[in-house]
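User: Could you take a close look at one part of this structure for me, namely the side of chain B that touches chain A? I would like a connected picture that I can follow with the model open beside me.

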Amino acid sequence: MKDALESLVRQSRLPDEVVVVDNASEDHTRDVVVGFKGNLNVKYVYEPIRGIPRARNAGVNATTGDIIAFIDDDCVADEDWLKHMEIPFIRDPYVGVVGGEVSYFRIGSGIIEEFYIKNMNSGRKSKD
Amino acid sequence: MIIQVLCNLFEEGYQRRERDSSISPFFAGANVAFRRQALDQIGRYDESCASGEDQDMWLRITEARWEAYFEPKAAVRHKNRLTVRSLIRQWFRYGYHHPYVTMKHGSRGVRVYRRSSTKQKGAIYDCLLTARFPFDATLFLTSFLLMHAFFALAVLFAALTLGIPAIVMGILALVLAVRYFRSDIDMRHPLQAFSFVFLRYIANLALLLGGLLGGMRLGMLYVSPTFDYKA
């Protein structure tokens, strides 16, 4: 999750606010979030009942912005992620949802990672 | 009966306004943004979804006539820490929870296929048949399913000592198996190719079994959309 938050600090268009939802984890999520207070306007939310939709809703309910972007804790955003995400919303008031590309990248040498990289990545050139 | 051509639509642009309405992709929850106004209109994520919540959101937001825009430049990278066990569990979960989304949305739910990004942009994937019978069944007829059906028939005919039909069915099963596995076969890396064949097979099997059991829980027959790749 640290990598995810660090990638938000590096955004070319910084997020106005960041909400981290801790979905009943038993690690040090809160401490990690507190460590980012100096760099991001970050809020920690604890959701005791497990479940992805539940966690996402808890996050939405803690936000105040007009556009709400989601990223998972095991993902890392490109520097221009939010910049590109925002443009379609600004350009067209009828746009209700914008999706971005999720690619898989290698952190080990496992055959299953290779399998995912082969099968799930799109035609765009891998950046790693 | 709906004939569904699975397309990989994911080139930048509007997904609803400019596309064939019979084809619905969806955005992965790991990289999606909503306009608050749209969320306030359609409501929040469905907390009854243990998986398939992204498809559900897609169906609701497009139903409410909001535009959906795909911007590939808004990129995130996903780190995988996967084992064979987690792969099987993940695909079983997908299968198990998808019948709920299908049941909730009817034929629109059927059209949402779980693949959001694939390796070839613009490639047209295999034609699938989707049928909804009066007794609420959803069947994705894929080459994965067909090769097993032909194989079962070949065994059946052989057991009945019907030589010619057994051979014909056997050949059909073999042709489909070759077609199914072809994209994984790379002779420069035989061990890797074998592993890919194995992984895709068990992932599909887990998806199929998950779908059958998840459908049964809801009192419906659900045969999952197992996946093929064009070589």
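Analyst: Happy to help! Two residues are in contact here if their C-beta atoms, placed from the backbone, lie within 7 Å. Please keep in mind that this is a predicted model.

Let's begin with chain B itself. Among its contacts between residues at least 6 apart in sequence, 70% join residues at least 24 apart. Chain B has seven helices and seven strands, and from the N terminus on they follow the order β-β-β-α-α-β-α-α-β-β-α-α-α-β. Of the 231 residues of chain B, 41% count as buried.

Now to the part you asked about. On the chain B side, 50 residues are in contact with 54 residues of chain A. Several elements of chain B each supply at least two residues to this side: the strands β3 (31–35) and β4 (67–79), together with the helices α1 (36–42), α2 (53–63), α3 (84–105) and α7 (190–217). The largest share comes from β4(B), with 13 residues. As for chemical character, the residues on this side of chain B divide into 27 nonpolar, 13 charged and 10 polar.

The strand β4(B) deserves a second look, for it also pairs across the two chains. Three bridges join it to strand β4 (residues 75–77) of chain A, and the two strands run antiparallel. To find this spot in your viewer, go to Val76(A): its bridge partner in β4(B) is Arg77(B).

Note on methods. Residues numbered from 1 in each chain as written. Chains lettered and ligands numbered in written order. Predicted model: local features only at pLDDT ≥ 70, side-chain atom pairs only at ≥ 80, totals over all residues. Helix = DSSP H or I, 4+ residues; strand = E, 2+ residues; numbered from the N terminus. Nonpolar A, V, L, I, M, F, W, Y, C, P; charged D, E, K, R; others polar. Pairing = 2+ DSSP bridges. Buried ≥ 20, exposed ≤ 12 C-beta atoms within 10 Å, placed from the backbone.
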